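Trainee: Please walk me through this one by asking what each label rests on. I want to set values against definitions.

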Amino acid sequence: MLAKSLTNTDIVSTETFKLLFIFNVLFIASLILLITLQIIRLFKNIKKEIIGSKLTLRLVISFALMVIIPVSIVYLVSVSFLTKSINSWFDVKVESALEGGLSLGQKTLNILMRDVELKGRSIAYSIANAKDSERNSLLQDMREKFNLGDVILYDKKLNILALSSANNTSLPTIPNYEHIERASRDFYGIIEELNENIILRAYVPVKIENNLTEKNYLEIRQPIPSEISSLALSVESVYEDYQRLSYSRKSLNIVYTLTLTIVLLLAILSAVAISFVISRRFSEPLSQLADATKQISKGNFKRIIPEFGKKDEIGTLVQSFNSMTRQLDLATQNDKKNQHSIEVARLFLDTILTNLSSGVMVVDGSQKIMLHNLAALSLLKIKNISINNKELNTEIVKHKQFLPLIKFIASFVLGEIKRKDNSREYKINNNQVEQIVRVQINSIRNDGKTNFIILIDDITDVTEGQRHQAWAEIARRLAHEIKNPLTPIQLSAERVAHRLNGKLNKEDQSVLSKATETIVGQVNALKVMVNEFSDYARPPVQKNNDVNINKLIESIIDLYEALGINIQHKQSVHAVMVSGDENKLRQVFVNLLENSKDALIGEKKPSINITTKIRDGMAIIEFEDNGSGIPKKIISKIYEPYITSKSHGTGLGLAIVLKIIEEHKGSIVIKNKTIGGAKVSISIPVSKK
Amino acid sequence: MRFLRKIKHAIIFLIIAVISAFVNAEEKISVSLLALNKEKNTAYVDFDQSINLTPELITALKRGIVLKFEVRFLLIKPTKFWFDKTILEKTATYQIKYKNLIQQYEGSNIKGEKQYFNELRDGINYIENVRHWNVGIIDNSSDYVSMVLRVRLDRGGLPKPIQLNMDDDMWNIESLTILDMTGVK
């Protein structure tokens, strides 16, 4: 519209052009401001290292260059073309022709004026010599003769003295004093335009006869022929148009160049502004992708890029990325669940290891401890709890008695021992109690490395149980094998004695009697031994009744007090009830009191203290004496059959006691007191009734 | 004042306009006289101005550019707290141009009367001094206190490219005369 206003004056006025120009300038200024702000914002983003800003800058530069280069070329070509075109309008030949035409017109008018001058002078001469009465007719004749328009004679006061007009309707106008003044000196002619016609107006001084100072004046008005007039005016009009245009050439160039410059700026600035929008639209998903990638690298898998419903490559990329993010999120959640499960399993394993009575220890190839439980520390008597990543050596396991164990582990780890030979048992003295510890090592391969699991078990009870079972089996067989021939032996001896009674002499009779008594006595002794063996090897107790321990002990004490032994019975509660076989429990208590009685032989003040109480759901029965105690040599295998410090007896007493107590789901501990004597502690679960 | 009131047919406000101290020698148009005459209810304005054309303008004139001047007369009554009230407004034009064919300057005065001059100065003199310009009818009761006369070169008469070339300052020819008549009756 701005460009159109240059050429079309009817549609767009100058004011409109100015308004349009101002509007365009303001629009350009707004675009420049907008672009400047965008550029500042973009560079700030680049400085802040906001993702996508550099890509936006590159795209903006690319898009802008794509527009600026061709538009600039078009602009330069247009300006050059326009300038040359405008200059070509003002051809020297055209100007010369127009000047020639105008000059021709001017010369024609001058010739005509010269003609009027000659005619005027002729009329003036004629009138000057004519009488006053003849002036009008002479003027008429001369005008007609010279074919003039109007001829008027004025006196010096511009009064009309005579008049002749070709057109009688027109009244003469009063001449200009200035013109008369000029005409007073000589001829004065003037060319005037009047209603698209050219009129020659001439003033000629007319001498007055016999008067040298005063003059009359002749005015001649001669219209130019209309053909000549219109042609001359037409040439003048064209010449003036050309001159005006020529004069406006500089302004024309400036205005066209300015307009083209504004159009160029509008195009470039609009392109740059649009390039910002397009660049943002292009870079936005990529920026979001980059940002999302950054978030994902930080572990945020919840970042989903908005899908704008685009079906182009970027849309597909965004969809794929979102799909990947969701899968990663799912995998991460699963991983967390798995980690949680592993953690739970590890805790479970820790709990198991902690509560495991067996010691567990894992070492690597360099014998560094990777894992261990409390039982291992306890069994190896290690006080330092944090031994992970420390080498398993004598610095950690300080007790010398564990030296063979450590050596065995080291040898196995170093491969000095065959892998099949992976178990050893060691006897350890634990507070004067012999303890059997079994060490078992297994190698495991994990992640290309070989680690070793060391299992340490206290197998004292197991070994003891196995030993008891073996002894029970021996006892059962011995009882079976020995008991059968005893009765025939006894009967045979008695029959021999009965048959030969009175048939032998006294000496022989005496020998026979001693021999048969000896046989019968030894057979009885064997029967006692076999019965004890039978008791030891008998099946577990089947009969379960409620037994009041206090009452049972009181009934037994009554029998022993008669023997002169001071027995004290302390009862913390009136009734200590257990579920079991009363006879067997009686046998236990009798056995223990018998042992105490034997240990008190030779003591000046023999005393036995019995304490019964209930603690933690267990009936606790303690027997203490002030006797000689148990010899150290046998204290560790006191429950084994045939282990006894007494000269008489089978050595099965405490073995049977232990068997009965275990059958009652109880336990027994026998140890020497520091002040002398022995102490036996029995614990049996109390009855639930 | 009593003397002026006795004149029934014409109350003449004759104010000699002093050339403003702000008008410098280079001013292209300067008004030296501005007077308002009232005959019955008709107001007539007389003003004298001095038009100084620069050589560039004379060249333009000779190249066929018509120098058309627009004169605008305002009679104003100030209003408190609002825009001034215009009681009378009149616009007219006069011009001078060079006729190449007859090689004379054609002066056309404010009344539209044409006259040809061999000399430019004569032509300018012809349009400079304005007398008895009918600016309209005013009521006797009208209360006015200011006269405004604005004379400027009408750029609308210039060729289109010159009109559009806002960078060209040579065509900015303008004069503004404001005459405060407070207290003059």
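**Labels and their cut-offs**

Mentor: Start with Trp133(B): it is buried, at a relative accessible area of 5%.

Trainee: Why is Trp133(B) called buried?

Mentor: Buried means under 20% relative accessible area (over 50% is exposed, in between is partly exposed; 1.4 Å probe, protein chains only). Trp133(B) has 5%, so the label fits. Remember that this model is predicted: local features need pLDDT of at least 70, side-chain atom pairs count only at pLDDT 80 or more, and totals for chains, interfaces and linings use all residues. Residues are numbered from 1 along each chain as written, chains are lettered from A and ligands numbered from 1 in written order, and side-chain values use heavy atoms, without hydrogens and water.

Trainee: How many aromatic pairs are there over all chains?

Mentor: A search of the whole structure gives 10. One of them joins Phe47(B) and Trp133(B).

Trainee: What makes Phe47(B) and Trp133(B) an edge-to-face pair?

Mentor: Rings of Phe, Tyr and Trp (its six-membered ring) pair if their centres lie within 6.5 Å; planes under 30 degrees apart are stacked, over 60 edge-to-face, the rest tilted. Here the centres are 6.3 Å apart and the planes meet at 65°. Both values pass, so the name holds. The pair also links distant parts of the chain: Phe47(B) is in strand 3 (residues 42-51) of chain B, Trp133(B) in strand 8 (residues 130-137) of chain B, 86 residues apart. Phe47(B) is buried too, because its relative accessible area is 0%.

Trainee: Why do Phe69(B) and Tyr94(B) count as stacked?

Mentor: Their centres are 5.9 Å apart and their planes differ by 25°. That angle is under 30 degrees, so the pair is stacked. Phe69(B) lies in strand 4 (residues 67-77) of chain B and Tyr94(B) in strand 5 (residues 85-99) of chain B, 25 residues apart. Phe69(B) is buried at 1%, and Tyr94(B) is buried at 1%.

Trainee: How do you know that the charged end of Arg419(A) sits over the ring of Phe412(A)?

Mentor: The rule asks for NZ of Lys or CZ of Arg within 6 Å of the ring centre and within 35 degrees of the ring normal. The charged end of Arg419(A) is 4.7 Å from the centre, so the distance fits. In chain B, the charged end of Lys62(B) sits over the ring of Tyr98(B), 5.3 Å from its centre. Phe412(A) also shares an aromatic cluster with Phe408(A) and Phe452(A).

Trainee: What counts as a helix or a strand here, and how many does chain A have?

Mentor: Both are DSSP runs numbered from the N terminus: helices are H or I over at least four residues, strands E over at least two. Chain A has 17 helices and 17 strands. Chain B has 4 helices and 10 strands.

Trainee: What makes the strands in the order 2-1-5-4-3 of chain A a sheet?

Mentor: Two strands pair if DSSP finds at least two bridges between them. The 5 strands form an open sheet with antiparallel pairing. Strand 2 (160-165) and strand 3 (188-194) of chain A are the edges, since each pairs on one side only. Strand 3 and strand 4 (residues 197-208) of chain A share 7 bridges, so they pass the test. Tyr188(A) stands opposite Tyr203(A) in strand 4 of chain A.

Trainee: Where does helix 7 (residues 226-247) of chain A lie?

Mentor: It lies across strand 3 and strand 4 of chain A, at about 115° to strand 4 of chain A. Angles run from 0 to 180 degrees between N-to-C directions, with axes fitted to C-alpha atoms, for helices over the stretch in contact.

Trainee: Why is Met361(A) called buried?

Mentor: Its relative accessible area is 0%, so the label fits. Met361(A) belongs to strand 6 (residues 359-363) of chain A. Contact means heavy atoms within 4.5 Å. Beyond four places in sequence, Met361(A) touches residues including Leu371(A), Leu380(A) and Phe452(A).

Trainee: How much of each chain counts as buried?

Mentor: In chain A, 39% of 689 residues. In chain B, 51% of 185 residues.
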